[in-house]
Amino acid sequence: GGGGSGSGSGSGSGSGADGDGDTTATTATTATTATTATTTATTATTATTARINWVELPAGLGLKTSWNLLWTWGKPKVDFESLLVWQKVNHFRGAKGLTRKDLLKKHIQRFCREVGGGDKVYGAGAGGEREERGTIRTGMEGSRASESFNIMPVTFVLPREFNGFVKAFSEIERDEKKKKTNFWIMKPVGLSRGRGISVVNDIGSISYSEQVVLQRYLMNPLLLDGYKFDLRIYVLVTSFQPLEAFIYREGFARMSSEKFSTNPEDIKNKTIHLTNSSIQKHVKDKMRADNPAQTSGEKGGNKVTLSYLWGRLREDLGVDTKKLWGEVCDLCLKTLVCVEDSVPNQPNAFEVFGFDVIFDDKLRPWLIEVNCSPAMARETKLDEMVKEPMVNDTCRLVSPPEYDRVELVKVFERRLGEMQKSDRQMAMNSGTFKSRNSKKSGSGSGSGSSIPKRNSLSEQEQLEQDLSKILMNKVPRQVGELPANMGAYQMLCPNTQRYNRIQRDKKKLFKSPRNLD
């Protein structure tokens, strides 16, 4: 195609506080024939552009809205309402309900009260049922549905839920068998990358100057060679309301650098209890030789691939990893179902979220949190092996339509000519020049008050004809249609048995599925 023109800004830059990574400012991108995605030279998105023949939008040439795909780490500086059908942006507006720790807890708690530390939602036995929060269905059927959404450890938001936390903490303290397991992890609501996180077992040591969440610490995590680990799972959402999502089959298991311990004397040792790469990278030179991050040979700092982890679990523990992966998929999809009604539909948006998941020693997955803008920095060879193909597959799956820039300019020129012709006609009919807007707003109904239609085509027919030429007779993929290129992605929803099963649980749980407050 040739050069296009338009209004608005096709670039974006910034930083955020929700991702676990060190990416820096980013710029929007374009392509001469298709689409482009970029960030800075240190990130995986830049490497992707060369691989799939996309080019970065040159800065300073006034190209503005001629881009196809905008990939930015921070909040996009674009007007979503003016985006065109062939433009995609890698962020959803209003997705804090998924990525902010306190709001995520609130949404999940609507489906399962136990997440918030309350008693069981339902009483036991006939006559013992009680209805909670107005919309919950009573009875055993609703109870089972609620349990299926018990996907997050007990969590409190302070200071609002301080009394509830004190009650839960005190009940554990009074139980001699559980007293030694009364560990809680405290995290500031608005920070990421392990900043401000601490593990506490003394209510007197809890102090904060901002809103925090206190989450019950998992005292029985699944260990690998004695080391604690969690998972970084990449989930691509291409639509909310209706929900469409895909999960990437490769990712990371993030290892602690020291062997797991529940000794109260080790409670302040973050290298035991926290697996964040931004914390563990500072002690990577002290990592022991028997740590799986070392023995794997993958040279990923404190990370190993999911492929390596599944292999070890099959060989060492005889785990059915196919079933285990299915449970991870269930957890990620249930999380999205819990929040989907809080995010408005945005047809030009998509986003890759970083889900942090941990297994207990019974192989049950638990959701820790969800990150927006997960790290795309390539700090190790393993980062390149996982992140670059993931970004490549993301761009191919999203695949903003190619468009003919020459044809687009022709349409603009024709429409401009029609508007000018209409203005002249109105001026001749009225004797004085009036714009189309003023004529439209006036009370007159002269013959020059409407724009002549070319070739007797209706406005809708003309629009469809123009789009057909601009998009070169290709129809953009609709939500629910299987993408032509999925790479290593697996569809979570819609049109999957997994999604249909979870939706049935949701309908059992709520009298009105969309009235969840």
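These exercises walk through selected features of the structure above.

This is a predicted model: local features need pLDDT of at least 70, side-chain atom pairs count only at pLDDT 80 or more, and totals for chains, interfaces and linings use all residues. Residues are numbered from 1 along each chain as its sequence is written, and side-chain values use heavy atoms, leaving out hydrogens and water.

**Exercise 1. Place Glu161 and describe its surroundings.**

Step 1. Find the element. Glu161 sits in the loop between strand E3 (155-158) and helix H5 (162-173). Helices (H or I, at least four residues) and strands (E, at least two) are DSSP runs, numbered from the N terminus.

Step 2. Check the burial. Glu161 has a relative accessible area of 19%. Buried means under 20%, exposed over 50%, and partly exposed in between (1.4 Å probe, protein chains only). Glu161 is therefore buried.

Step 3. List the contacts, meaning heavy atoms within 4.5 Å. Leaving aside neighbours within four places in sequence, Glu161 touches Lys105, Gln109, Thr155 and Phe156.

Step 4. Look at Lys105. Its side chain and that of Glu161 are joined by a polar contact of 2.6 Å. A polar contact is a pair of N or O atoms within 3.5 Å; within protein, one must be able to donate a hydrogen and the other to accept it, and residues adjacent in sequence count only if both atoms are side-chain atoms.

**Exercise 2. Classify the ring pairs Tyr234–Phe252 and Trp310–Trp325.**

Step 1. Recall the rule. Rings of Phe, Tyr and Trp (its six-membered ring) pair if their centres lie within 6.5 Å; planes under 30 degrees apart count as stacked, over 60 as edge-to-face and the rest as tilted.

Step 2. Start from the total. The structure holds 14 aromatic pairs. In one of them, Tyr234 and Phe252 have ring centres 6.5 Å apart and planes at 75 degrees, so this pair is edge-to-face.

Step 3. Locate both rings. Tyr234 is in strand E8 (residues 227-239) and Phe252 in strand E10 (residues 252-255), so to speak distant parts of the chain, 18 residues apart. Tyr234 is buried at 1% relative accessible area, and Phe252 is buried at 2%.

Step 4. Repeat for the tryptophans. The ring centres of Trp310 and Trp325 are 6.2 Å apart, with planes at 70 degrees, so this pair is also edge-to-face. Trp310 belongs to helix H9 (residues 306-317) and Trp325 to helix H10 (residues 321-339), 15 residues apart. Both are buried.

Step 5. Add the cluster. Phe156, Phe165, Phe169 and Trp184 form one aromatic cluster.

**Exercise 3. Which peptide bond ending at Pro159 or Pro494 has which omega, and where is each proline?**

Step 1. Take Pro159. The bond from Leu158 to Pro159 is cis, with omega near 10 degrees. Pro159 lies in the loop between E3 and H5.

Step 2. Take Pro494. The bond joining Cys493 and Pro494 is cis, with omega about -5 degrees. Pro494 lies in the loop between strand E14 (489-493) and helix H15 (497-509).

**Exercise 4. Describe the backbone and exposure of Asp225 and Leu363.**

Step 1. Read phi. Asp225 is not a glycine, yet has a positive phi of about 55 degrees. Leu363, not a glycine either, has a positive phi of about 70 degrees.

Step 2. Find the loops. Asp225 lies between strand E7 (223-224) and E8. Leu363 lies between strand E12 (351-359) and strand E13 (365-371).

Step 3. Classify exposure. Asp225 is partly exposed at 34%, and Leu363 is partly exposed at 26%.
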